[in-house]
Amino acid sequence: MVKLFALSIFHKGASEARLLKTASDLQSFSFFQRGTVNEFMTFASKTIVERTQPALRQSVKQDAYMCHVYVRADNLAGVLIADHEYPHRVAHTLITKILDDFTAKVSADQWPNGTEATISFDVLPAFLARYQNPVEADPLTKMQNDLDETKIILKNTIEAVLERGEKLDDMVSKSEKLSLQSKAFYKTAKKTNSCCSFT
Amino acid sequence: MEEERNEKKVLCEKIIQDINAVFLKDQDLASFEIIPKETNCNKSPVVHVEHNLGLESWCAQHVYDHAHRTLISHRRQSSQQQLRTLQQQQQSDILAKYLNVALLINPDVTTFWHIRRQLVQKNRLSINKELQFSALVLSIKPKSNEAFAYRRWLYSFQSADAIDWPNEIGICERAADRCASNYHAWSHRQWILQSGPCLLQSELLRTEKFMRKHISDYSCYHYRQVLLGRAYELCFALPTDPGPNCPSPLASLQQLLTNYGLRGADRAEDMLDLLLPGMDRSAVSSQRLRSFLYCCNVAASDMRLCEEQKAMYGQRDCFELHRRAALKFIVEQCVRLEAGGLLAAHPAATEDVHRHLRQLDFETHPFLAAVRREESALGAKHRRWCNLHLSFGYPAD
């Protein structure tokens with residue numbers, strides 16, 4: 001499937017990344033999963049931004065998903081979670097574009113202390129809907145031919161992004177951002193590793 | 001021990017009762033799922049939000065065991081006793097309550113579906129409610145063959161006019177969207193195509209959209225090939241005059257001909273001249289020729305779509321295979337129509353098509369000669385495929 005799930009903008013501070021704006025399209029998940037999936041996507045996005053050096057692009061594969069991340073030299077970061085079939089080059093071009101738009105709309109002094117409520121930048125949902133079809137983005141990608149695909153670092157799991165000694169399981173169980181229900185989901189998903197079985 | 005078992009039984013009964021209450025209250029349930037939750041938080045595990053029903057996972061196994069045991073003990077009775085249960089509305093309602101829960105948690109038990117069929121035959125369950133229930137099962141298991149088969153069985157009691165076919169297509173599409181390579185959903189859709197009214201035009205539009213999104217799901221590509229074959233078989237074509245501002249209805253075919261180096265075919269007659277040079281056109285109906293051009297145009301647009309997708313997403317088996325299938329369709333239909341009534345009467349007689357192609361003098365057929373020339377540039381593997389399936393007779397590498 002060619003699909004975009006979530007798009008978020010972070011500011012990478014000294015100790016942790018700060019979520020500035022996010023939008024997601026979770027219609028393809030079953031009703032009661034959506035809340036959890038949303039929490040996990042935000043959790044994964046934040047984690048990956050924190051583990052990515054400034055001025056670096058990464059694409060991290062996790063199960064059937066692909067997290068594309070770009071942290072700019074000025075610490076503004078964009079994360080796009082897509083299906084693994086969504087073209088990487090297009091995904092990274094979109095992140096560049098959305099970060100440029102964001103910079104034009106929101107002045108840099110608001111970034112370090114901003115929250116979703118204080119920052120007015122409401123184009124993410126429209127953006128997410130429009131670029132579900134990567135062909136829509138084609139004129140964009142042509143414009144930005146300078147994006148060098150070889151500079152995107154590919155990682156095969158989230159584990160590969162973590163620092164030495166860090167474990168995803170521990171991070172999930174320690175996280176305060178994830179609800180109990182989400183943690184239960186995580187455990188079940190790990191145990192069965194499939195979407196169709198019942199417990 | 002005994003007490004504990006009893007307590008569990010009471011709890012399961014209570015949960016099944018709660019689920020049944022939701023069924024009675026909400027006529028438009030859209031989905032069911034099991035919510036992972038490891039512990040009992042001392043409140044009902046049945047969650048009902050905006051027409052979605054959820055059951056917490058900690059109790060699913062116990063509830064299923066209980067429902068299963070009850071249903072199996074019903075089946076263990078003598079057939080007279082079973083019949084008595086089925087004949088009483090109250091008893092049947094109780095049975096249906098257990099069936100609902102058991103099948104939602106585990107849709108793979110044919111025996112349970114069979115009991116439902118018995119209840120329908122005894123008029124204890126309404127067909128509309130049953131259609132709704134099987135759709136609910138598909139929301140948790142989109143690949144449930146039993147649920148699709150049950151729907152087909154239910155429709156056998158209804159006249160084709162009374163069936164909401166677009167809704168049925170929608171159910172197939174949702175199931176295919178949730179689970180890739182969903183054989184059961186796509187073959188159910190083929191059944192709709194065979195039994196329903198003419199849905200060809202909307203299906204051609206829908207499948208193209210689906211293919212653009214699910215680029216590696218070959219089930220959809222295959223369905224589209226069936227669809228195209230069916231359109232040809234039924235002599236389907238859109239009304240000819242599309243209005244002055246529309247692009248030419250045969251633009252894709254024209255483009256294909258140009259790509260093969262055959263320029264200047266602007267009108268339908270020119271294209272027919274190229275595709276069917278040696279044919280007496282008065283021998284077949286004009287509708288046949290119109291449909292021929294229409295279907296070839298769809299195939300040509302599919303070939304182009306596959307090439308565009310390949311440029312966008314890189315090499316995929318699906319693009320390659322579907323492009324070949326479309327090419328094969330065009331070549332075979334050209335040969336069939338030209339060879340006349342004998343071949344056209346047996347759409348399955350591929351052997352005859354091959355014999356004809358082997359004997360064909362390509363010099364006399366500019367289109368096939370051009371296809372043969374251009375396709376040879378696509379590599380040794382493709383040439384082998386052409387030799388095998390189109391009898392192009394390229395020399396062995």
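1. In this predicted model, B:His48 has B:Leu53, a residue of strand E3(B), as its bridge partner. That pair belongs to a wider antiparallel arrangement, in which four bridges join E2(B) to strand E3 (residues 52-56) of chain B. Helix H2 (residues 57-76) of chain B packs on the sheet and touches both E1 and E3 of chain B, its direction making about 85 degrees with that of E3(B).

2. The sheet of chain B is open and has three strands, in the order E1-E3-E2, with mixed pairing. Strand E1 (31-35) and strand E2 (46-49) of chain B each have a single partner strand and stand at the edges, so one side of each is left without a neighbour in the sheet. From one strand to the next, the twist averages 20 degrees. Helix H1 (residues 2-25) of chain B lies across E2 and E3 of chain B, and runs at about 15 degrees to E2(B).

3. Where chain B touches chain A, the contact takes 19 residues from chain B and 16 residues from chain A. On the chain B side, the elements that contribute two or more residues are E1, E3, H2 and H14 of chain B, and the largest share, four residues, comes from E1(B). Sorted by class, this side of chain B has eight nonpolar, six polar and five charged residues.

4. Further along chain B, helix H14 (residues 286-313) and helix H15 (residues 317-339) have axes that come within 9 Å and cross at roughly 160 degrees. Because angles over 145 degrees count as roughly antiparallel, H14(B) is described as roughly antiparallel to H15(B). The crossing of H14(B) and H15(B) is left-handed. Among the residues that H14(B) brings to this contact are B:Phe292, B:Cys295, B:Ala299 and B:Met303, while H15(B) supplies residues including B:Phe319, B:Ala326, B:Leu327 and B:Ile330. The residues of the contact of H14(B) with H15(B) divide into 12 nonpolar, three polar and three charged.

5. A second helix pair in chain B consists of helix H9 (residues 183-195) and helix H11 (residues 218-233), whose axes come within 10 Å and cross at roughly 15 degrees. H9(B) and H11(B) are therefore roughly parallel to each other, and their crossing is right-handed. In this contact B:Tyr183, B:Trp186, B:Arg189, B:Gln190 and B:Leu193 of H9(B) meet B:Ser219, B:Tyr223, B:Val226, B:Leu227 and B:Arg230 of H11(B). By class, the residues of the contact of H9(B) with H11(B) comprise six nonpolar, two polar and two charged.

6. Chain A has an open sheet of six strands in the order E2-E1-E5-E4-E3-E6, with mixed pairing. Its edge strands are strand E2 (17-24) and strand E6 (152-155) of chain A, each of which pairs on one side only, and the twist averages 20 degrees from one strand to the next. Seven bridges join strand E4 (residues 65-71) of chain A to strand E5 (residues 76-83) of chain A, and these two strands run antiparallel; in E5(A), A:Ile81 is the bridge partner of A:Cys67. Helix H2 (residues 88-105) of chain A packs on the sheet, touching strand E1 (4-12), strand E3 (56-62), E4, E5 and E6 of chain A, with its direction at about 145 degrees to that of E5(A).

7. As for annotation, an unreviewed UniProt entry lists residues 9-125 of chain A as "domain: Longin". Over residues 9-125 of chain A, the chain is 32% helix and 29% strand, and the end C-alpha atoms are 13 Å apart.

Notes. Residues are numbered from 1 along each chain as its sequence is written. Chains are lettered from A and ligands numbered from 1 in the order in which they are written. This is a predicted model: local features need pLDDT of at least 70, side-chain atom pairs count only at pLDDT 80 or more; totals for chains, interfaces and linings use all residues. Two strands pair if DSSP finds at least two bridges between them. Axes are lines fitted to C-alpha atoms, for helices over the stretch in contact, and angles run from 0 to 180 degrees between N-to-C directions. Two residues are in contact if their C-beta atoms, placed from the backbone, lie within 7 Å. UniProt positions are given in the numbering used here, feature names are shortened, and annotations may be inferred rather than shown by experiment. Angles under 35 degrees count as roughly parallel, over 145 as roughly antiparallel, 65 to 115 as roughly perpendicular and the rest as oblique. A crossing is left-handed if the near helix is turned anticlockwise from the far one by less than a right angle, and right-handed if clockwise. Ala, Val, Leu, Ile, Met, Phe, Trp, Tyr, Cys and Pro count as nonpolar, Asp, Glu, Lys and Arg as charged, and the others, Gly among them, as polar.
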